[in-house]
Amino acid sequence: MATVPALDIDRVVSALRSSNLLANVPEDELRAAAREFRAVTVESGEMLIQQGSPSKGFGFVIDGQAAIRINGREHTRLARGEMFGEISALLDIPVSGDVVAIGPVSYIFLDGERTQSFLTENPHLCYSMLRSEARRLLDPTRWYSSRAGPSTVAGWRPDSWRSHPIKQQPDWPNDVALKIALDELSQLPPLVFGGEAQALRADLGEVAAGHAFLLQAGDCAESFAELSTAAVHDRLRVILQMAIVLAYASGSHVVKVARMAGQFAKPRSASVETVDGVELPVYRGDIVNSVEPDPARRVADPRRMITAYHHSAAKLNLIRSLSTGGFGGLDQVHAWNRDFVASSPVGQRYKAIASEIERALRFVHASRIGRDEKTLSRVDVWTSHEALLLPYEEALTRRDELTDDWYDTSAHMLWIGERTRALDSAHVQFISGIGNPVGCKLGPTATAAEALELCERLNPARIPGKLTLISRMGVGRVAEVLPPLLAAVRDAGHPVVWACDPMHGNTVQMASGRKTRHFADVLAEVKAFFAACASESVWPGGLHIELTGEDVTECLGGGENLSEDDLDRRYATTCDPRLNARQSLDLAFQVADMLSSLTDH
């Protein structure tokens, strides 16, 4: 039930200035204008204004989030500082859509009879409202009044992380050799450009608004030994196969982000390991040392960063060529999925959705929607990796000539992990200042207070699509830990993408010493993630998984029902177990069912 609290002018002004809509209005004018409004607080599910009702005025969200629903379908969401009801108030027409609270919402409201005189008395506000409407007409799917910039932190520099505590770094034995390698890296061309990162950020903004779905997938740790067309081809094929299934089920765009062309470093639980009775420095990924249990080759070698750069450049070039050259065409990808359904032991389970996709493609061709070949044959595949080895990331961070912002040009998207997300850490400091979209893993120890502080540190401007929070709880902890985090971030109005990593919290070690994951646990964590999001009215924005296109036997279960006895047949990972191609498609079809149930409502 709506309540009318006392108007807290400082809190109201702070919220209004956080949006691009009113950021340039002088503070004294903003304070005077705010006193004309009344404060209102509503609970989750209550209406701020109702579709079809006569105009009663317009308002601004102060805390929380609200959904705009037209004829029952959600179109976008409003966050802190954003305006609603202005069209019907200005034109004196019925309200065009419901504005519904998602969680508790505080807002201020100006009653209709005061609207005209208020705007003529406050020309800065009137001008800002016109700019807001222009943005909405230009792109009606965006959170149109969220502040768009700056995307990086003032005063931040690529080396500012060096004054913060750091974990998960190798012991470099030779400082001179390290400096020579980093100097060489800093002179090499960027692998990606700021404009590309901005385009991905815009796509992820659609995910944050509930209009798209993120699929982030690829290898656990890439290997220098796998620089081949076949290896890239097979991984990309699985990602594209999964994407078409998820896109059809959700009825919306799937943003495809590959854990490729840079995922060469891995966090480890200990700095040393014992192999055949010999204590060795732990393998930290090919970018640092060799997986071979040779004491000399386990020494951290800075020249490997140069090799990683060139491997990344070659893979990125191949990914771009394949994704724009017809390899990812809808007909081609569906043909692969049709083969999967025909040959999989559980293929009959997915025959219905595969047939529906095929009918949809026939309609596209018959209606000539796809006469432009580029429409059906080109796909965007972005690259990502964990920003773990900070000297490497620093060396590849450059200023964008157009925006003057800093971008880490080693990948389109970077993330930090559960082990490196401490609020005062070097890793948080580093990714807080780059303009790329960034991610942060949240494990079972994460608290609501930590999640909120990370949102403020990593996306203080509240740019939709800038920050992805990746839940990696473990199947048994999701229901307990995740809902309070979802609710806290939602109520604070942070426009984040919520994604699920169902892999890392479900790793087990068998008696043989092999690490593995049970497909049933992976699927169960995804289901728990969807359920938690539904309980808090939050869009389940994506999947973050480790997979390969090869026919490996590293994870148990799936359609082929792999057992512990199968692990030794084709266990090829240099680090953590991955889903094979069939298990990945199995997961995609099952997640498609979950997405279908959401979009049907």
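Modeller: Contact here means heavy atoms within 4.5 Å. Bear in mind that this is a predicted model, where local features need pLDDT of at least 70, side-chain atom pairs count only at pLDDT 80 or more, and totals for chains, interfaces and linings use all residues. Residues are numbered from 1 along each chain as its sequence is written, and side-chain values use heavy atoms, leaving out hydrogens and water.

Colleague: Which residues is Leu 587 in contact with, leaving aside its neighbours within four places in sequence?

Modeller: Phe 519, Val 522, Leu 523, Val 526, Leu 543, Ile 545 and Leu 579 are in contact with Leu 587, once those neighbours are set aside.

Colleague: What makes a set of residues a nonpolar core?

Modeller: The members are buried Ala, Val, Leu, Ile, Met, Phe, Trp, Tyr and Cys residues, joined through side-chain atoms within 4.5 Å. The largest such core has 129 residues, and Trp 498, Leu 587 and Val 591 have the most contacts inside it. Helix α8 (residues 229–250) gives the most to this core, with 11 residues. There's also a second, separate core of 21 residues, with Ile 9, Val 13, Ala 33 and Phe 60 among them.

Colleague: Why is Leu 182 called buried?

Modeller: Buried means under 20% relative accessible area (exposed is over 50%, partly exposed lies in between, with a 1.4 Å probe and protein chains only). Leu 182 has 13%, so it counts as buried. This residue lies in helix α6 (residues 175–187). Outside its neighbours within four places in sequence, Leu 182 is in contact with Arg 162, Met 305, Pro 391, Tyr 392 and Ala 395.

Colleague: How do you know that there are 0 disulfides?

Modeller: A disulfide needs a pair of cysteine sulfur atoms within 2.5 Å, and a search of the whole structure finds 0. Take Cys 455: its sulfur is 8.7 Å from the closest cysteine sulfur, in Cys 440, so that's too far for a bond. For Cys 533 the closest cysteine sulfur is in Cys 500, at 8.4 Å, also too far. Cys 455 is buried at 1% relative accessible area, and Cys 533 is buried at 0%.

Colleague: What makes α16 a helix?

Modeller: Helices are DSSP runs of H or I with at least four residues (strands are runs of E with at least two), numbered from the N terminus. α16 (residues 478–491) has 14 residues, so it clears that length cut-off. The expected span is 1.5 Å times one less than the number of residues. For α16 that gives 20 Å, and the helix reaches 19 Å from first C-alpha to last, close to expectation. Afterwards comes Gly 493, whose phi is positive, near 80 degrees.

Colleague: Why is α16 called mostly covered?

Modeller: 10 of its 14 residues are buried, including Val 478, Leu 482, Leu 486 and Arg 490.

Colleague: What makes a space a cavity rather than a pocket?

Modeller: On a 1 Å grid over the protein atoms alone, a cavity is a set of points where a 1.4 Å probe fits but cannot get out, whereas a pocket is an open set with protein on both sides within 12 Å along at least five of seven lines; lining residues have an atom within 4 Å of a point. The largest pocket has a volume of about 990 Å³. Of its 37 lining residues, Arg 268, Lys 515, Thr 574, Cys 575 and Asp 576 are closest to its centre. The search also finds 6 cavities of 30 Å³ or more, and the largest holds about 120 Å³. α16 gives the most to that cavity's lining, with 3 residues.

Methods. Grid points are joined across faces, edges and corners, and a volume is the space filled by probe spheres set on the points.
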